[in-house]
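Could you walk me through this model in my viewer, one selection at a time? I would like to know what to pick next and what is there.

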Amino acid sequence: VGNLYGTAPIGRDNGRFGVVYQLSHSGSGWTQTVLYSFRDAEDGGGPYGGLIFDAVGNFYGTSVYGGSGGGGTVFELSPSGGSWNFNLLSSLSGDPQNNSGPRGNLVRDSVGNLYGTTLYEGAYGYGNVFKLTPSSGGWTYTSLHDFTGGSDGAYPYDGLVSDGNGHLYGTTYFGGTAGVGCVIAYYGQLCGVAFEITP
């Protein structure tokens, strides 16, 4: 029907921790409807990344802070009788002071697994690539790669893309090795990498 959907990391009033919204045609303009307002509690806060959806109209997204682990959340919004139900899929562990969770969009494969990146999480604190697998009514978290801040890069700000064959691609903001046109930052980090994760 031509509706648009998105996230805002900061909203007004009860949505000050971010919202998921809908824009629908109304005459010659658009009407905004808030579908969910984050509370910076178990649900998380600061949904910087966008949304993806499945074949039955469920939306999937992330928040950069909050949740029981302090490192943001992965969530699902499901349509139900004209409203939307919020489902927490995973609470990530991280530094709640640094908004360390995911900032980019998720990727969903053909069997329903979700893939994403975190900014500062992982074993070394430089971010990671993770997978969420549906399992017995819940979701199982697996870290596919923990960035070390060396030649593999550091701080994957953006999300991932998939080639449809299980290969994931992304970039990091820092790290890597110096090359032509690469500038060393003031605290010694280099200019980032493009990476591939293979099954």
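Start with the contacts across the whole chain: of those in the protein with a separation of 6 or more, 36% are between residues 24 or more positions apart. Bear in mind as you go that this is a predicted model.

Stay with the full view for a moment and colour by secondary structure. You will find 14 strands and zero helices, so the pattern along the sequence is β-β-β-β-β-β-β-β-β-β-β-β-β-β. The C-alpha trace spans about 55 × 35 × 35 Å along its principal axes. The radius of gyration is 18 Å, which agrees with the value near 16 Å that a compact globule of 199 residues would have. Switch to a surface colouring if you like: buried residues make up 43% of the 199 residues.

**Stop 1: the hairpin.** Select strand 2 (19–26) and strand 3 (29–37). These two strands run antiparallel and are joined by eight bridges. To see one pairing, pick Ser24, whose bridge partner in strand 3 is Thr31. Strand 2 and strand 3 form a hairpin with two residues between them. Click on Gly27 in the turn, which has a positive phi of about 65 degrees.

**Stop 2: the largest pocket.** Keep the hairpin shown and add Ala8, Gly11, Arg12, Asp13, Asn14, Gly15, Val19, Tyr21, Gln32, Val34 and Ser37, which line the largest pocket. Strand 2 and strand 3 are the elements that give two or more residues to this lining, and strand 3 gives the most, with three. The space in the pocket is about 180 Å³. Colour the lining by residue class and you get four nonpolar, five polar and two charged residues.

**Stop 3: two unusual backbones.** Most residues other than glycine have a negative phi. Now select Asp40, which is not a glycine and yet has a positive phi of about 55 degrees. Asp40 lies in the loop between strand 3 and strand 4 (52–53) and counts as partly exposed, at 35% relative accessibility. Then jump to Tyr155, in the loop between strand 11 and strand 12 (161–162). Tyr155 also is not a glycine, and has a positive phi of about 65 degrees. Is Tyr155 buried or exposed? Tyr155 is buried: its relative accessible area is 15%, and the cut-off for buried is under 20%.

**Stop 4: Thr62.** Move to strand 5 (residues 59–63), where Thr62 is found. Thr62 is buried, with a relative accessible area of 2%. Which residues does Thr62 touch, not counting those up to four places away in sequence? Show Pro47, Tyr48, Thr73, Val74, Phe75, Pro102, Gly104 and Leu106 around Thr62. For a distance to display, draw a line from the C-alpha of Thr62 to that of Gly49: 6.3 Å in space, for a pair 13 residues apart in sequence.

**Stop 5: the open sheet.** Finish by selecting four strands that form an open sheet with antiparallel pairing, in the order 8-9-10-11. Strand 8 (107–108) and strand 11 (138–146) stand at the edges with a single partner strand each, so one side of each is left without a neighbour in the sheet. Zoom in on strand 8, which two bridges join to strand 9 (residues 114–118). Pick Arg108 there, and you can trace its bridge across to Leu114 in strand 9.

Key:
Residues numbered from 1 in each chain as written. Predicted model: local features only at pLDDT ≥ 70, side-chain atom pairs only at ≥ 80, totals over all residues. Heavy atoms only, no water. Pairing = 2+ DSSP bridges. Buried < 20%, exposed > 50% of the residue type's maximum accessible area, 1.4 Å probe, protein only. Contact = heavy atoms within 4.5 Å. 1 Å grid on protein atoms, 1.4 Å probe; cavity = no way out; pocket = protein on both sides within 12 Å on 5 of 7 lines; lining within 4 Å. Points joined across faces, edges and corners; volume = space filled by probe spheres on them. Nonpolar A, V, L, I, M, F, W, Y, C, P; charged D, E, K, R; others polar. Rg over C-alpha atoms; globule rule 2.2 N^0.38 Å.
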